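Reader: Please take one strand of the sheet in this model and go through it closely. I would like its partners, its side chains and its place among the other strands.

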Amino acid sequence: MTASGLNAFVTCHKVSYISTTRMPLNLPGLLVPFQLLFNPRIILPNLVVKDIRHLDFRALKEAGYCGAVFDKDNCLTLPHKDELVPELRDAWDECRDAFGEGNVLIVSNSAGSNSDTGGIQAESVKRSLRAPVLFHSTPKPGYSCIKAIQRYFSSLRTPVRPEQLIVVGDRVFTDVVLANRLRNLERGSGLIYQCFRCGFERGGTIGTENDATSSHKSIENGPLAIWTTGVWKREATFMRWCEKKLVDIIQRRIPLDEIAPAPTRFIKEVPPPPVGTRPWKFWRG
Ligand SMILES: [Mg+2]
């Protein structure tokens, strides 16, 4: 997609956003626990890292992933701030360089959402992070939002298929679920069918990732759900604790022969900060 095309896309979605009413509650996120009853694996990530510095974006690109969806708050920026966390600058540049401008999309439940009056924050984030911001009237992980992501990547000059995406974020009930719902949608089945099927099928998120990583450049089971556990500023502490506990419980319930090793080839070591510099502000990881 050209620069003018991107602007047109964003403007188009801004208009539809302005015309919608406010949605103070994240209903799609609140409904996730009910979906868990039928499909507990919907909250399982493929990969867990502390922050995006631990991701080898070039390895991901070489493996066939061509686009990235990023959460913003507590993943790239402080909550409700527009500027990239300074420590992430090199990693962010490497990501944009690997995937290409336009192929890295910010999807936030603050900037570009219904709570972003007039799209002012989205415009500021777009300039600050030098990446397009999706306007969406339904919060993550709503299916309307997922469809908007699909439309964006299919409209690029070189379209990117959903299975070629990585989805990176710090919240299980929004970012990880969004990636897994996107995968299930791509399999061509409806929500209710997926709820029942995935509850009993072998593999689910973890098992299918095993298949994906076992053959060279096979990403037929993408997109890759990447959970960043480091938090730059305390926020929603209780909900994060609940999410982590649920992930732990569900992972423990999966039979050992269905547990696949994490695709560690996409993880890289991060050198410690130089002596005398301020330590990282993570409070959990
Ligand atoms: Mg976040």
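Author: In this predicted model, β2 and β3 pair in the parallel sense, over three bridges. Within that pairing, Val-69 stands opposite Leu-105 in β3. The connection between the two strands runs through helix α5, residues 89–99, and β2, α5 and β3 together form a right-handed β-α-β unit.

β2 also pairs with β4, again in the parallel sense, here over four bridges. In this case Gly-67 is the residue of β2 to note, as it stands opposite Leu-165 in β4.

The strand itself covers residues 67–70. Gly-67 and Val-69 point one way from β2, while Ala-68 and Phe-70 point the other way. All four of these residues are buried. For the protein chain of 285 residues, the buried share is 45%.

As for its place in the sheet, β2 sits between β4 and β3 in an open sheet of five strands with the order β1-β5-β4-β2-β3 and parallel pairing. The edge strands are β1 (47–49) and β3 (104–106), each of which pairs on one side only. Neighbouring strands of this sheet are turned against each other by 20° on average, direction ignored.

Beyond β4, the sheet goes on to β5. Strand β4, residues 165–169, pairs with β5, residues 224–228, in the parallel sense over four bridges, and there Val-167 stands opposite Ala-225.

For the wider setting, the protein chain has 11 helices and five strands. Of its contacts with a separation of 6 or more, 79% are between residues 24 or more positions apart.

Note on methods: Residues are numbered from 1 along each chain as its sequence is written. This is a predicted model: local features need pLDDT of at least 70, side-chain atom pairs count only at pLDDT 80 or more; totals for chains, interfaces and linings use all residues. Two strands pair if DSSP finds at least two bridges between them. Axes are lines fitted to C-alpha atoms, for helices over the stretch in contact, and angles run from 0 to 180 degrees between N-to-C directions. A residue is buried if 20 or more other C-beta atoms lie within 10 Å of its own, exposed if 12 or fewer, and partly exposed in between; C-beta atoms are placed from the backbone. Two residues are in contact if their C-beta atoms, placed from the backbone, lie within 7 Å. A crossover is right-handed if, with the strands pointing away from the viewer, the path from the first strand over the helix to the second runs clockwise.
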